[in-house]
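Please look over the sequence and the structure below before reading on. The paragraphs that follow lead through several parts of the model in turn.

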Amino acid sequence: MSHPDYRLNLRPLGTPRGASSLAGPRGVGASPGDKKSRSKTTRGKKKSIFETYLSKEDVSEGLKRGTLIQGVLRINPKKFHEAFIPSPDGDRDIFIDGVVARNRALNGDLVVVNLLPEEQWKVIKPESNDKETEGAYESDLPEELCGSHLLQQSLKGYNDSPDVIIEAQFDDSDSEDGHGNMQNALVDGVKKLSVCVHEKGKEDAGAPVTKDENTFMSQDTRALPEKSLQRSAKVVYILEKKHSRAATGFLKLLADKNSELFRKYALFSPSDHRVPRIYVPLKDCPQDFVTRPKDYANTLFICRIVDWKEDSNFALGQLAKSLGQAGEIEPETEGILTEYGVDFSDFSSEVLECLPQDLPWTIPPEEFSKRRDLRKDCVFTIDPSTARDLDDALSCKPVADGNFEVGVHIADVSYFVPEGSSLDKVAAERATSVYLVQKVVPMLPRLLCEELCSLNPMTDKLTFSVIWTLTPKGKILSEWFGQTVIRSCTKLSYEHAQSMIEGPTRKIPEEELPPVSPEHTSEEVHRAVLNLHRIAKELRQQRFVDGALRLDQLKLAFTLDHETGLPQGCHIYEYRDSNKLVEEFMLLANMAVARKIHCAFPERALLRRHPPPQTKMLNDLVEFCDQMGLPMDFSSAGALNKSLMETFGDDKYSLARKEVLTNMCSRPMQMALYFCSGVLQDQAQFRHYALNVPLYTHFTSPIRRFADVLVHRLLAATLAGHQGGLSSARGSQAPSDPGQGHHAAQNPAKDGTHTAPASGPPTTLCPGYRELPDVEPEALQKQADHCNDRRMASKRVQELSTSLFFAILVKVRPPACRPSPSLHPTFPPGRLFTGRAPGVRGLWQLGWALGGDCIPWPSPGWSPAMQESGPLESEAMVMGVLSQAFDVLVLRYGVQKRIYCNALPLQSYRFQKVGKKPELTLVWEPEDAEQGPAQQVVSIFSLVEVVLRAEATALKYSAILKRPGTEGLLDWQDEQGGRDLAEEQD
């Protein structure tokens, strides 16, 4: 981005990037760099651009009086002069216009704002071009609400195959993750009902815009009817700098070579335009940067902001590291991790010393006297085939009267993580594992994640278990909690379990299944899977009858070359019955443990709540559906789920419309949050909106979530009988075997009672626990807040990793080219190939074959590991229509893009409303003189054909609308690896 107006000298600079140019001199977006201010600053002291922050005392008093408002700052990634904080009353977000009004706060910071006078509030119109009134929400869906997909690392140990499929995994199989990628998130409101306005302010919805006209049409807000105001504010204090203050970007020389700054500083330009440009000392830069700046034009650097003065548009920073070439996977990935504050360093020797040193480690004999021994039971895991951190297992065996004893067994990670240890501190700080497409950044050392704690088959493991007696209809007859020892008999993949479900009477050949321990048979495992599947179907059906909501959305999985790690292809992940099976029992366990720990420690339970949707955005969605004639009921989570299930048919067009509306429904949804029960006074706020349950927590993924470790500690204290001021009780008899634990009576969700204590071994706690949770509610809430922050950062990183790999797939394919058979005998003709060229800077080298010879470009030295690449085609459905652009959901890949009319070969385009529905009429230029212009009408839910094409900038791509009638588009539904859309919506 160029900024020709800035002048780099000792005086204040011109309009900072992102500052509004629309407000007047006294408005919050007024530029400090106008001629008057520049002339003043050259004559005397530097003029302050930003206001001085209020004192802590004034802030505290203002928050108490209600004259100040606090909230998390969200900066629009596509219009970075616009920022927002949520309104405390759930109404429309509070608007913050420009860098000056943001007052040096960055995206994600917890800020305090002061409302501006009403005459300075933003003027909006419900049917205006500008629908950016709610900011840009970035994948805030909780995992319990939509399909969750963690990408498992598996680039090692697969040398028998040239390709590795990086699969999607459910986030502890209770489905919580984002609904799109951050870079492509749509930033408009759900209606996008636009009008074109002439300079005089009169509507002319039917006036065509030709390519020769100025396609920007200004609005005279004084002439617009139905005005409304959006509260606007300015930042007066930063309560917590949650942004890492690190950014990736590029180095540039300052423009004014005669300035004093030129001799001291370089200019760092962040890739994320929400971060300000930064002065960095030349001493931090490469030695030859000043003399050879072009050598570094494509080099990514990491810079950290160290200060931002009131009188400077630009921050001051330190150059931390040179990452490598832009567009390469590893430099880009390291930049993403650093920007979001992910600690990906090696674990220190002090931390590793906390782990068992005598390997191979075995369970101490005394531990068996404290736990229920389940090693003879048929226990097994179901995970992605590439998973290594196996933290949950299942069991199911028939009991009397046709019922079943079903167990969920979770790795006892907290046994190995003593409270207060160095290992505990680093795990608490990391708070979560971070899943990238090509690897995992673990929360705990790999010795724990993949060996000591992972429930690998045919090895004794320490676990926490929840065991129920269930009827075939899923009714809970009894419930038991306890510490156990298991020995998994096999490691099933989702594909293995799915084949068992789909072939209930088929004897699956041994070579199609993983090894099973000698004490059990594959037939026994098969029967257990089928019984779990039947019960899970009943549980799932009852959940939705009881008012749960699920918003399934398209998710990408990648196929990687196991030698280079480069993406070979991608497909939509298929969410099948085997995934649903695991999800149901993880949800059941999490809900059961939530009730258990809350009953024992009503003031110190770590729970997870999901607030209802944001009121204003939900009302906009209701209005949109009414205008589109969609009979949607948004009165509750269950009503919305029922509407989504019943409104649409099962034909391709209906299913595509459902995908689009599901995406729209995700936007008003709020984040699910960890919290301490003693901090929130109103128990109505404990509820989980999507699951429609009063209490919920995370218990089932302690290997990769620190919140689950905290919950395990609370559960251990509960089992030991230390219940705050309550009388202690020893463990009671389990459904079929005595041992330490608690046995709940029938209908535990309603009465929360427990059976009387029974005889058994002493209730001695394991080494990793204290006997009584001594953390105060406020301290536990602080831990919960940190877990929330790191979890959101992890989600953003995962989304950006997916975007990175997808962007690499979208490469230009030159026409009339074919590969050299001698070099690439397995590649089909007419393709462009990419790969690493040894000795050449940059990952992506292009080449094609002409006349049987491979002609690389731009330089020689191809490696044999190359891949096909090129523009991607797909059907897409229109999600929103603006006056000069429209947004689409690309159905084959699940990405969202905006298509601009002025980027298409059009004679003209016309925006109008038909009733209340907006539409664009596109008039295409004729392809030849004999043809007339083609006309195409684009409205919401229109099916269109698009091509995703790479741009000149690294890792950027755009969507281009295909001309009507263009041949050669493959049917998107046939290319999803057998994905049955109708079945997916089950």
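Does P360 count as buried or exposed? At 75% relative accessibility, P360 counts as exposed, where exposed means over 50% relative accessible area, buried under 20%, and partly exposed in between, with a 1.4 Å probe and protein chains only. P360 is placed in the loop between helix 5 (349-352) and strand 18 (372-373). Although P360 and E451 are 91 residues apart in sequence, they are 9.5 Å apart in space, C-alpha to C-alpha.

The model is predicted, so local features need pLDDT of at least 70 and side-chain atom pairs count only at pLDDT 80 or more, while totals for chains, interfaces and linings use all residues. Residues are numbered from 1 along each chain as its sequence is written, and side-chain values use heavy atoms, with hydrogens and water left out.

The protein chain has 17 helices and 43 strands; these are DSSP runs numbered from the N terminus, helices being H or I of at least four residues and strands E of at least two. Of its 986 residues, 59% count as buried. Among contacts (heavy atoms within 4.5 Å) between residues at least 6 apart in sequence, 72% join residues at least 24 apart.

Consider next the interior. The largest nonpolar core has 98 residues, of which F380, W468, L581 and F585 touch the most other members. A nonpolar core is a set of buried Ala, Val, Leu, Ile, Met, Phe, Trp, Tyr and Cys residues joined through side-chain atoms within 4.5 Å. Helix 10 supplies the largest share of this core, eleven residues. Apart from neighbours within four places in sequence, the contacts of F380 include A393, L394, V525 and L532. A second, separate core holds 71 residues, including C570, F648, V895 and V944.

Helix 10 (residues 577-600) also packs against helix 8 (residues 494-502), at an angle of about 105° and with the axes 8 Å apart. Here the axes are lines fitted to C-alpha atoms over the stretch in contact, and angles run from 0 to 180 degrees between N-to-C directions. Helix 8 and helix 10 are therefore roughly perpendicular to each other, a term for angles of 65 to 115 degrees. On the side of helix 8, Y494, A497, Q498 and I501 take part, and they meet D577, S578, N579, L581 and V582 in helix 10.

Strands offer a further theme. An open sheet of three strands has the order 2-3-4, with antiparallel pairing; two strands pair if DSSP finds at least two bridges between them. Strand 2 (74-75) and strand 4 (94-97) stand at the edges with a single partner strand each, so one side of each has no neighbour in the sheet. Two bridges join strand 2 to strand 3 (residues 82-85) in the antiparallel sense, and I75 has A83 as its bridge partner in strand 3.

Towards the later residues, S942 lies in the loop between strand 41 (934-939) and strand 42 (943-950). At 13% relative accessibility, S942 counts as buried. Strand 42 runs antiparallel to strand 43, and five bridges join them; one bridge partner of this kind is S958 in strand 43, for R949. The two strands form a hairpin with six residues between them, and L955 in the turn has a positive phi of about 65°. Along strand 43 (residues 957-961) the side chains alternate: Y957, A959 and L961 point to one face and are buried, whereas S958 and I960 point to the other and are not.

Definitions and conventions
Angles under 35 degrees count as roughly parallel, over 145 as roughly antiparallel, 65 to 115 as roughly perpendicular and the rest as oblique.
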